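Hello,

Here is the structure I promised to pass on. Please open it and keep it beside you while you read my notes.

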Amino acid sequence: MTDSTASLIARLLAERWLPREDRAVRQMLVDAELREDIDRRLAAAGLRLLEHPYAAHVAVGIARQHEADVFGHSDAWAASNLQLSRDALALLVVLWSLLVLPKRQRQIARQQTDLAQDQEQMFAELKPVPVGAEVVEPVNERTLLADFGVQLGGKGRIHMNLGTLQRQGFIARRKERIHEGPLLDLAFDYERIASRVMDGALAHVIAESRVGRGLDVEDADGLDDMSHDTGTTEEAHADV
């Protein structure tokens with residue numbers, strides 16, 4: 001008899017991420033007993049399921065209680081378990097801020113609109129949260145270089161780090177446009193990091209990005225309401 005939970009865990013470890021539309025993933029997300037089983041087995045190996053209702057993929061990461069053993073065993077707290085350089089991680093944070101934060105606000109706004117419309121219908125169906133490419137706008141590579149070239153090491157260094165992030169599954173690059181990769185929305189704990197980014201050094205970047213994409217800057221309250229932990233971005237690590 002096939003062990004479906006073991007098979008799903010093996011696939012996640014081998015492939016590093018799976019789409020929510022995958023049959024086994026869908027079953028796990030709606031079956032409370034199966035979800036409890038996979039969480040228990042991952043926890044026994046010091047791992048946890050990386051999953052967010054607004055993310056298009058799921059993955060496996062380090063369990064919270066084991067983060068210190070994995071990331072804090074040297075003199076300095078490791079930025080990631082992928083051997084990313086400091087400037088590569090900084091670029092990852094910038095791209096997460098430019099791609100994921102505006103996407104999340106767009107997802108929240110669309111879900112609220114759908115909810116308001118459904119309330120007018122007696123037997124309205126529950127609509128899934130939009131997670132596809134239609135809610136994610138790419139970043140122009142030239143704009144990224146113009147805005148962050150000096151801070152992130154210049155054109156050559158940025159292009160090299162973009163290649164690294166692409167190979168790791170955080171981003172995709174097409175026609176000088178940077179798109180969200182399967183792991184970008186799972187790379188950082190949104191509830192821990194979003195408010196620090198929104199209120200910190202990248203706040204003006206997010207504001208300008210939101211204005212440029214036709215979103216109201218004041219709508220950022222929707223993001224802040226979801227953020228209950230004010231840990232600094234230095235605590236973030238790409239644990240996928």
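Start at Asn140. This residue caps the N-terminal end of helix 6. One of its side-chain oxygens lies 2.7 Å from the backbone nitrogen of Arg142. Keep in mind that this is a predicted model.

Now look at helix 6 itself, residues 141-148. Which of its residues are buried? They are Glu141, Leu144 and Phe148. Seen down the helix axis, these buried residues fall within an arc of 55°, so they line one face of the helix. The spacing fits a general rule. An α-helix has 3.6 residues a turn, so residues three or four places apart point the same way. Turn to the other side of helix 6, and you find Arg142 and Ala146 exposed.

Go back to Asn140, because there is a strand to see here too. Asn140 stands opposite Arg177 in strand 6. Strand 4 covers residues 139-140, and strand 6 covers residues 177-180. The two run antiparallel and are joined by 2 bridges.

Strand 6 has another partner. Strand 5, residues 171-174, pairs with strand 6 over 4 bridges, again in the antiparallel sense. Within this pair, Ile171 stands opposite Glu180. Strands 5 and 6 form a hairpin, with 2 residues between them. Check Lys175 in the turn: its phi is positive, at about 55°.

Next, the sheet made by strands 1, 2 and 3. It is open, its pairing is antiparallel, and the strand order is 1-3-2. Which strands sit at the edges? Strand 1 (17-19) and strand 2 (47-50) do, and each pairs on one side only. Neighbouring strands in this sheet are turned by 25° against each other on average, direction ignored.

Take a look at strand 2 with strand 3, residues 57-62. They share 4 bridges and pair in the antiparallel sense. Leu47 stands opposite Ile62 in strand 3.

Two helices go with this sheet. Helix 3, residues 32-44, packs on the sheet and touches strand 2 and strand 3. The direction of helix 3 makes about 140° with that of strand 2. Helix 1, residues 4-15, lies across strand 1, strand 2 and strand 3. Helix 1 runs at about 115° to strand 1.

Find Asn140 again before you close the file. Trace from there to the cap on helix 6, then across to Arg177 in strand 6.

Best wishes

Technical notes. Residues numbered from 1 in each chain as written. Predicted model: local features only at pLDDT ≥ 70, side-chain atom pairs only at ≥ 80, totals over all residues. Heavy atoms only, no water. Buried < 20%, exposed > 50% of the residue type's maximum accessible area, 1.4 Å probe, protein only. Arc of directions from axis to C-beta. Polar contact = N/O pair within 3.5 Å; in protein donor to acceptor, adjacent residues only side chain to side chain. Pairing = 2+ DSSP bridges. Axes fitted to C-alpha atoms, helices over the stretch in contact; angles between N-to-C directions. Contact = heavy atoms within 4.5 Å.
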